[in-house]
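Subject: Structure handover

Hi,

Here is the structure for you to look through. Please open it first, then read my notes below.

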Protein chains: 2
Amino acid sequence: MEISIKQEATCEQELVAIRDSLEILGGKWKLRIMRYLNNHIDEKNTFKKIQREVEGISAKMLSKELRELEINLLVTRTVMDTRPITVNYAMTEYGLSVFPVTETLVEWGLNHREKIK
Amino acid sequence: MEISIKQEATCEQELVAIRDSLEILGGKWKLRIMRYLNNHIDEKNTFKKIQREVEGISAKMLSKELRELEINLLVTRTVMDTRPITVNYAMTEYGLSVFPVTETLVEWGLNHREKIK
DNA sequence: CGGAATCCGGCCCGATACTG
DNA sequence: CAGTATCGGGCCGGATTCCG
């Protein structure tokens with residue numbers, strides 16, 4: 001008879017998991033883009049509109065970050081049949097799962113600023 | 001008569017708070033150092049010992065990261081009266097507060113790796 | 001032993017120009 | 001409108017050397 005033991009993640013696996021998380025949360029733009037999309041759910045969020053409203057981002061960075069978010073299943077990309085074509089971006093259901101994580105970062109960060117001031 | 005309204009953190013304040021958190025959690029070494037210290041609470045954790053056991057870190061980085069952690073009240077630095085002198089480092093009570101945050105990063109990261117594989 | 005100083009490479013990111 | 005291409009700066013982090 002086999003004895004099944006639930007394995008804890010090893011320290012190294014945990015560090016990999018943290019790195020995975022920070023790859024999404026750690027950059028300069030991904031979170032800003034996702035927060036913008038999340039605050040404008042009912043609108044058509046075209047590339048140009050996102051670039052206008054996510055302050056300071058260049059087309060190159062926006063393109064690159066959106067592609068990475070799409071690969072990570074956090075946002076969807078939809079080419080609209082307009083002239084000229086427009087492309088809409090939106091958060092996925094799964095993408096919403098980042099926000100509870102960022103919320104803990106916000107809380108710790110706010111508390112930390114109080115602590116060290 | 002003044003009306004006092006409890007302010008929510010603005011979007012910009014939240015982004016600052018996240019940046020503050022990532023300044024601690026986002027680098028390559030701070031978390032590894034803190035995890036090591038936390039797993040060896042009852043030992044004397046000298047500079048050299050930490051450098052041996054936190055795999056791959058250079059003296060320059062270890063020195064710099066420890067200084068930043070100390071400034072942020074997350075670790076203590078204690079010069080011991082030995083010949084030659086040794087210096088001990090340890091997590092502060094407050095420093096322990098980072099671990100619940102990293103735990104959420106671990107959980108999201110593990111789940112995310114499942115999701116996109 | 002516990003650092004500081006210096007040099008250096010990679011890569012994240014910005015600015016600008018161009019394309020379908 | 002929705003991107004790509006190219007150039008380049010800044011900064012994080014590595015390697016090496018030196019000091020009290």
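Start with one term: contact means heavy atoms within 4.5 Å. With that in hand, look at where the chains meet. Of the interface residues of chain A, 100% are also interface residues in chain B, so the copies meet through the same surface. Keep in mind that this is a predicted model.

Next, the symmetry. A turn of 180° lays chain A on chain B, with a shift of 0.0 Å along the axis and an RMSD of 0.1 Å. That is the relation of a two-fold axis. Which residue of chain A comes closest to the rotation axis? It is A:Gly26, with its C-alpha at 3.3 Å.

Now the DNA. Strand C is surrounded by 17 residues. The closest are A:Lys28, A:Lys60, B:Arg67, B:Arg77 and B:Tyr89. By type, the residues of this surface are 7 nonpolar, 4 polar and 6 charged.

Both chains supply elements here. From chain A, α4 (59-71) gives at least two residues. From chain B, α3 (47-53), α4 (59-71) and β2 (86-91) each do so too.

Which part of the strand faces the protein? Of the atoms of DNA strand C within 4 Å of the protein, 72% belong to sugar or phosphate. The rest belong to bases.

Three phosphate contacts are worth finding on screen:

- A:Lys28: an N or O atom of the side chain is 2.7 Å from a phosphate oxygen of DNA strand C.
- B:Lys48: a polar backbone atom is 2.8 Å from a phosphate oxygen of the strand.
- B:Val87: here too a polar backbone atom is involved, 3.1 Å from a phosphate oxygen of the strand.

Best wishes

Methods. Residues are numbered from 1 along each chain as its sequence is written. Chains are lettered from A and ligands numbered from 1 in the order in which they are written. This is a predicted model: local features need pLDDT of at least 70, side-chain atom pairs count only at pLDDT 80 or more; totals for chains, interfaces and linings use all residues. Side-chain values use heavy atoms; hydrogens and water are left out. A residue is near a molecule or strand if one of its heavy atoms lies within 4 Å of it. A polar contact is a pair of N or O atoms within 3.5 Å; within protein, one must be able to donate a hydrogen and the other to accept it, and residues adjacent in sequence count only if both atoms are side-chain atoms. Helices (H or I, at least four residues) and strands (E, at least two) are DSSP runs, numbered from the N terminus. Ala, Val, Leu, Ile, Met, Phe, Trp, Tyr, Cys and Pro count as nonpolar, Asp, Glu, Lys and Arg as charged, and the others, Gly among them, as polar. Copies are superposed by least squares on the C-alpha atoms of residues with pLDDT of at least 70 in both.
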